[in-house]
Amino acid sequence: QMCIRDRCEKCVGEGQEAKKDYFELLNQVNENVVHHYHKCNRCGMEPIWGPRFVCKVCENFDLCESCVDVNIDSEEKFHDVTHDMEVVEVPLVTHGLPAHAVKCIKCYQKPIIGTLFICSVCDNYAFCQNCYFKLPLTSFTNVRGHKAYHRMEILLEPVSNEKKEYKCGICEVTPIKGIRYKCLNCFDFNLCEQCYLNRDNARPLLSLIHI
């Protein structure tokens with residue numbers, strides 16, 4: 001019989017329960033954070049707010065905290081409770097790597113993190129580094145009009161031929177005029193000057209991880 005309860009570190013393991021029966025949360029932030037580009041596989045929440053639970057067995061399987069609780073508490077399980085789950089409290093999208101605002105046509109990752117492989121002829125024919133080197137050469141032909149003789153370019157840094165309009169992450173004004181404040185932790189999270197100066201009043205909507 002599984003149940004949902006919170007325990008402090010001192011009380012974990014008392015009685016018949018074992019430490020492995022609990023998810024360890026380090027409380028690295030004091031409020032909910034946003035995991036951009038991650039979607040809960042049960043309820044469809046995107047982005048995921050709060051801790052993100054990643055299955056170590058299933059491929060690309062994420063759950064929000066509420067759905068983890070539902071799976072434990074319900075009789076009909078939608079995910080195997082014996083699978084090891086990793087708890088991600090603080091989202092780190094790029095880890096200092098470049099983020100390209102395009103989608104990989106194989107794994108659908110967006111943004112593509114790291115090196116981008118893109119066709120110089122076709123529109124939106126792009127691969128992340130992982131998919132590009134895993135696919136056989138025959139996979140690059142006759143897909144969406146792509147031909148084998150098309151030249152593939154390697155982009156190490158994001159480029160854009162258009163002037164991008166930035167949206168404020170709090171008031172959602174578009175475009176941001178005047179001074180723009182960009183988060184160093186997140187991909188494409190910006191604030192206008194007024195919201196930046198009043199950011200303390202925006203919590204808990206604004207996470208502490210934004211710097």
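Two strands are taken to pair if DSSP finds at least two bridges between them, and the strands themselves (E, at least two residues), like the helices (H or I, at least four residues), are DSSP runs numbered from the N terminus. The structure is a predicted model, in which local features need pLDDT of at least 70 and side-chain atom pairs count only at pLDDT 80 or more, whereas totals for chains, interfaces and linings use all residues. Residues are numbered from 1 along each chain as its sequence is written, and side-chain values use heavy atoms, with hydrogens and water left out.

The protein chain holds three helices and twelve strands. Of its 211 residues, 33% are buried, where buried means under 20% relative accessible area, exposed means over 50%, and partly exposed covers the range in between (1.4 Å probe, protein chains only). When contact is defined as heavy atoms within 4.5 Å, 43% of the contacts between residues at least 6 apart in sequence join residues at least 24 apart.

Strand S8, residues 116-119, has pairing partners in both S9 and S10, and its residues are described here before those partners. Leu116 and Ile118 point one way from S8, while Phe117 and Cys119 point the other way, and all of these residues are buried. With strand S9 (residues 126-128), S8 pairs in the antiparallel sense over three bridges, and within this pairing leucine 116 stands opposite cysteine 128. The two strands S8 and S9 form a hairpin with six residues between them, and in the turn asparagine 124 has a positive phi of about 60°. Strand S10 (residues 152-155) also runs antiparallel to S8, to which it is joined by four bridges, and methionine 152 of S10 is the bridge partner of cysteine 119.

A further group of strands forms an open sheet of three, in the order S4-S3-S5 and with antiparallel pairing. Its edge strands, S4 (62-64) and S5 (85-88), each pair on one side only, and neighbouring strands of the sheet are turned by 30° against each other on average, direction ignored. Such angles are taken between axes, which are lines fitted to C-alpha atoms (for helices over the stretch in contact), and run from 0 to 180 degrees between N-to-C directions. Strand S3 (residues 52-55) is joined to S5 by four antiparallel bridges, and phenylalanine 53 has valine 87 in S5 as its bridge partner.

Helix H1 (residues 65-73) lies across S3 and S4 and runs at about 95° to S4. Its buried residues are Cys67, Val68, Asn71 and Ile72; they cover an arc of only 140° around the axis, which puts them on the same side of H1, the arc being that of the directions from the helix axis to the C-beta atoms. These buried residues pack against S3 and S4, whereas Ser66 and Asp73 are exposed on the other side of H1. The loop between H1 and S5 contains histidine 83, whose C-alpha atom is separated by 7.0 Å from that of lysine 56, 27 residues apart along the chain. Not counting residues up to four places away in sequence, histidine 83 touches Cys55, Val57 and Cys58.

Isoleucine 48 lies in strand S2 (residues 48-49) and is buried, with a relative accessible area of 0%. Residues up to four places away in sequence aside, isoleucine 48 touches several residues, including Val33, His38, Cys40 and Leu63.

The structure also holds six aromatic pairs, for which rings of Phe, Tyr and Trp (its six-membered ring) pair if their centres lie within 6.5 Å, with planes under 30 degrees apart counted as stacked, over 60 as edge-to-face and the rest as tilted. The rings of tyrosine 181 and tyrosine 196 have centres 3.8 Å apart and planes at 5°, so this pair is stacked. Because tyrosine 181 lies in strand S11 (residues 180-182) and tyrosine 196 in helix H3 (residues 193-197), the pair ties together parts that are 15 residues apart in sequence. Tyrosine 181 is partly exposed at a relative accessible area of 24%, and tyrosine 196 likewise counts as partly exposed, at 27%. One aromatic cluster is formed by Phe117, Tyr125, Phe127, Tyr132 and Phe133. Finally, arginine 180 lies over the face of tyrosine 166, at 3.6 Å from the ring centre, a charge being placed over a ring if NZ of Lys or CZ of Arg is within 6 Å of the ring centre and within 35 degrees of the ring normal.
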